[in-house]
Amino acid sequence: MTPVTFLPGTPARAVDTRGIRTAAAAAAIVTVGAGLGLRAIAAGSAAKYGGDALYTVLVLALVVLAAPRLAPLKAAATALAFSCGVEFLQLSYVPAELSRRSTIARLVLGSTFNAPDLLWYAVGAAAGCLAHTAVRALLSRSRAPLTPRPTPSRPGGQPG
(Lines give C-alpha, C1' and ligand atoms only; values in the text may rest on other atoms or scores of the structure.)
Protein backbone atom coordinates (compact mmCIF):
# COMPACT_ATOMS: atom_id res chain seq x y z
CA MET A 1 0.00 0.00 0.00
CA THR A 2 1.23 3.45 -0.90
CA PRO A 3 0.94 6.35 1.56
CA VAL A 4 -1.60 8.88 0.33
CA THR A 5 -2.55 12.21 1.86
CA PHE A 6 -6.22 12.58 2.83
CA LEU A 7 -6.33 16.35 2.83
CA PRO A 8 -3.59 18.94 2.52
CA GLY A 9 -1.74 19.28 5.79
CA THR A 10 -2.63 15.83 7.10
CA PRO A 11 -0.10 13.04 7.48
CA ALA A 12 0.17 10.42 4.75
CA ARG A 13 -1.46 7.10 5.51
CA ALA A 14 -1.69 3.84 3.66
CA VAL A 15 -4.85 3.37 1.59
CA ASP A 16 -6.75 0.09 1.63
CA THR A 17 -7.65 0.04 -2.07
CA ARG A 18 -9.73 -3.12 -1.80
CA GLY A 19 -11.74 -1.68 1.08
CA ILE A 20 -12.13 1.66 -0.69
CA ARG A 21 -13.32 -0.04 -3.89
CA THR A 22 -15.77 -2.21 -1.96
CA ALA A 23 -17.15 0.84 -0.17
CA ALA A 24 -17.36 2.79 -3.46
CA ALA A 25 -19.23 -0.05 -5.18
CA ALA A 26 -21.65 -0.28 -2.26
CA ALA A 27 -22.08 3.50 -2.29
CA ALA A 28 -22.87 3.43 -6.01
CA ILE A 29 -25.54 0.76 -5.54
CA VAL A 30 -27.06 2.55 -2.54
CA THR A 31 -27.01 5.86 -4.40
CA VAL A 32 -28.82 4.42 -7.43
CA GLY A 33 -31.39 2.90 -5.07
CA ALA A 34 -31.78 6.20 -3.22
CA GLY A 35 -32.23 8.05 -6.51
CA LEU A 36 -34.87 5.63 -7.75
CA GLY A 37 -36.58 5.72 -4.35
CA LEU A 38 -36.55 9.50 -4.33
CA ARG A 39 -38.17 9.59 -7.76
CA ALA A 40 -40.83 7.14 -6.57
CA ILE A 41 -41.83 8.96 -3.38
CA ALA A 42 -41.05 12.64 -4.00
CA ALA A 43 -42.10 15.13 -6.60
CA GLY A 44 -41.20 18.63 -7.67
CA SER A 45 -38.11 20.39 -6.38
CA ALA A 46 -37.27 17.77 -3.74
CA ALA A 47 -37.05 15.02 -6.35
CA LYS A 48 -35.29 17.19 -8.91
CA TYR A 49 -32.62 18.75 -6.75
CA GLY A 50 -32.18 15.71 -4.53
CA GLY A 51 -31.60 13.75 -7.70
CA ASP A 52 -29.00 16.28 -8.83
CA ALA A 53 -27.05 15.88 -5.58
CA LEU A 54 -27.31 12.09 -5.78
CA TYR A 55 -26.12 12.20 -9.40
CA THR A 56 -22.86 13.76 -8.29
CA VAL A 57 -22.56 11.35 -5.36
CA LEU A 58 -22.89 8.49 -7.86
CA VAL A 59 -20.28 10.01 -10.16
CA LEU A 60 -17.96 10.43 -7.17
CA ALA A 61 -18.48 6.77 -6.18
CA LEU A 62 -17.61 5.70 -9.73
CA VAL A 63 -14.51 7.93 -9.76
CA VAL A 64 -13.35 6.35 -6.48
CA LEU A 65 -14.13 2.88 -7.81
CA ALA A 66 -11.86 3.59 -10.79
CA ALA A 67 -9.16 5.45 -8.82
CA PRO A 68 -9.28 4.36 -5.15
CA ARG A 69 -6.05 6.17 -4.21
CA LEU A 70 -7.46 9.53 -5.27
CA ALA A 71 -7.79 11.88 -2.29
CA PRO A 72 -11.40 12.67 -1.31
CA LEU A 73 -11.12 16.34 -2.27
CA LYS A 74 -9.74 15.47 -5.72
CA ALA A 75 -12.38 12.78 -6.25
CA ALA A 76 -15.13 15.24 -5.29
CA ALA A 77 -13.68 17.93 -7.56
CA THR A 78 -13.55 15.44 -10.44
CA ALA A 79 -17.17 14.41 -9.88
CA LEU A 80 -18.27 18.04 -9.61
CA ALA A 81 -16.41 18.97 -12.80
CA PHE A 82 -18.01 16.06 -14.65
CA SER A 83 -21.50 16.93 -13.39
CA CYS A 84 -21.11 20.60 -14.29
CA GLY A 85 -19.66 19.65 -17.67
CA VAL A 86 -22.72 17.55 -18.44
CA GLU A 87 -24.97 20.41 -17.32
CA PHE A 88 -23.18 22.90 -19.58
CA LEU A 89 -23.36 20.40 -22.44
CA GLN A 90 -27.14 20.76 -22.12
CA LEU A 91 -26.77 24.25 -23.60
CA SER A 92 -26.29 22.45 -26.93
CA TYR A 93 -28.91 20.38 -28.73
CA VAL A 94 -27.02 17.08 -28.29
CA PRO A 95 -28.35 15.89 -24.88
CA ALA A 96 -31.94 16.80 -25.74
CA GLU A 97 -31.74 14.86 -29.00
CA LEU A 98 -30.15 11.84 -27.32
CA SER A 99 -32.67 12.01 -24.45
CA ARG A 100 -35.56 11.73 -26.89
CA ARG A 101 -34.07 8.49 -28.20
CA SER A 102 -32.92 6.83 -24.98
CA THR A 103 -34.07 6.70 -21.37
CA ILE A 104 -30.51 5.98 -20.26
CA ALA A 105 -29.24 9.06 -22.12
CA ARG A 106 -31.97 11.12 -20.44
CA LEU A 107 -30.92 9.86 -17.00
CA VAL A 108 -27.19 10.38 -17.63
CA LEU A 109 -27.18 13.55 -19.74
CA GLY A 110 -30.46 15.27 -18.93
CA SER A 111 -32.01 17.44 -21.58
CA THR A 112 -32.16 21.13 -20.62
CA PHE A 113 -29.78 23.46 -18.81
CA ASN A 114 -30.90 24.62 -15.35
CA ALA A 115 -28.45 26.85 -13.45
CA PRO A 116 -29.64 25.82 -9.93
CA ASP A 117 -28.55 22.26 -10.72
CA LEU A 118 -24.94 23.46 -10.40
CA LEU A 119 -25.49 24.31 -6.72
CA TRP A 120 -26.98 20.89 -6.01
CA TYR A 121 -24.09 19.17 -7.76
CA ALA A 122 -21.80 21.01 -5.34
CA VAL A 123 -23.94 19.82 -2.41
CA GLY A 124 -23.61 16.23 -3.65
CA ALA A 125 -19.85 16.61 -4.13
CA ALA A 126 -19.46 18.00 -0.59
CA ALA A 127 -21.55 15.21 0.94
CA GLY A 128 -19.66 12.59 -1.05
CA CYS A 129 -16.31 14.11 -0.04
CA LEU A 130 -17.26 13.94 3.64
CA ALA A 131 -18.42 10.33 3.29
CA HIS A 132 -15.28 9.36 1.36
CA THR A 133 -13.06 10.99 3.99
CA ALA A 134 -14.91 9.17 6.78
CA VAL A 135 -14.66 5.78 5.05
CA ARG A 136 -10.94 6.24 4.42
CA ALA A 137 -10.38 7.20 8.05
CA LEU A 138 -12.31 4.16 9.28
CA LEU A 139 -10.44 1.83 6.95
CA SER A 140 -7.06 3.27 7.91
CA ARG A 141 -7.84 2.79 11.62
CA SER A 142 -9.01 -0.77 11.15
CA ARG A 143 -5.82 -1.67 9.27
CA ALA A 144 -3.39 0.19 11.53
CA PRO A 145 -0.66 -2.15 12.74
CA LEU A 146 -0.53 -2.85 16.43
CA THR A 147 2.75 -1.64 17.82
CA PRO A 148 3.91 -2.57 21.29
CA ARG A 149 4.24 0.27 23.72
CA PRO A 150 7.71 0.87 25.05
CA THR A 151 8.09 -0.01 28.68
CA PRO A 152 8.81 3.00 30.83
CA SER A 153 12.32 3.06 32.19
CA ARG A 154 13.46 4.08 35.63
CA PRO A 155 16.26 6.49 36.24
CA GLY A 156 19.46 4.75 35.36
CA GLY A 157 18.03 3.15 32.20
CA GLN A 158 16.46 0.09 33.87
CA PRO A 159 12.97 -1.04 32.76
CA GLY A 160 10.16 -0.48 35.21
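This passage describes how helices α1, α2 and α6 are arranged in a predicted model. Local features were taken at pLDDT of at least 70 and side-chain atom pairs at pLDDT 80 or more, whereas totals for chains, interfaces and linings use all residues. Residues are numbered from 1 along each chain as its sequence is written, and side-chain values use heavy atoms, with hydrogens and water left out.

Helix α1 (residues 17-41) and helix α2 (residues 44-66), both DSSP runs (H or I, at least four residues) numbered from the N terminus, have axes that come within 9 Å and cross at roughly 160°. The axes are lines fitted to C-alpha atoms over the stretch in contact, with angles from 0 to 180 degrees between N-to-C directions. The pair is therefore roughly antiparallel (an angle over 145 degrees). Residues of α1 including Ile 20, Ala 24, Thr 31 and Leu 38 meet residues of α2, among them Ala 47, Gly 50, Leu 54 and Leu 65 (heavy atoms within 4.5 Å).

The end C-alpha atoms of α2 are 33 Å apart, in agreement with the 33 Å that its 23 residues should span at 1.5 Å a residue (1.5 Å times one less than the number of residues). Buried residues of α2 include Tyr 49, Asp 52, Tyr 55 and Leu 60 (under 20% relative accessible area, 1.4 Å probe, protein chains only). The buried set packs against α1, α3 (72-89), α5 (103-109) and α6 (116-142).

Helix α6, with 27 residues, reaches 40 Å from its first C-alpha to its last, close to the expected 39 Å. Among its buried residues are Asp 117, Cys 129, His 132 and Arg 136.

Terms used. Helix = DSSP H or I, 4+ residues; strand = E, 2+ residues; numbered from the N terminus. Parallel < 35°, antiparallel > 145°, perpendicular 65-115°, else oblique. Buried < 20%, exposed > 50% of the residue type's maximum accessible area, 1.4 Å probe, protein only.
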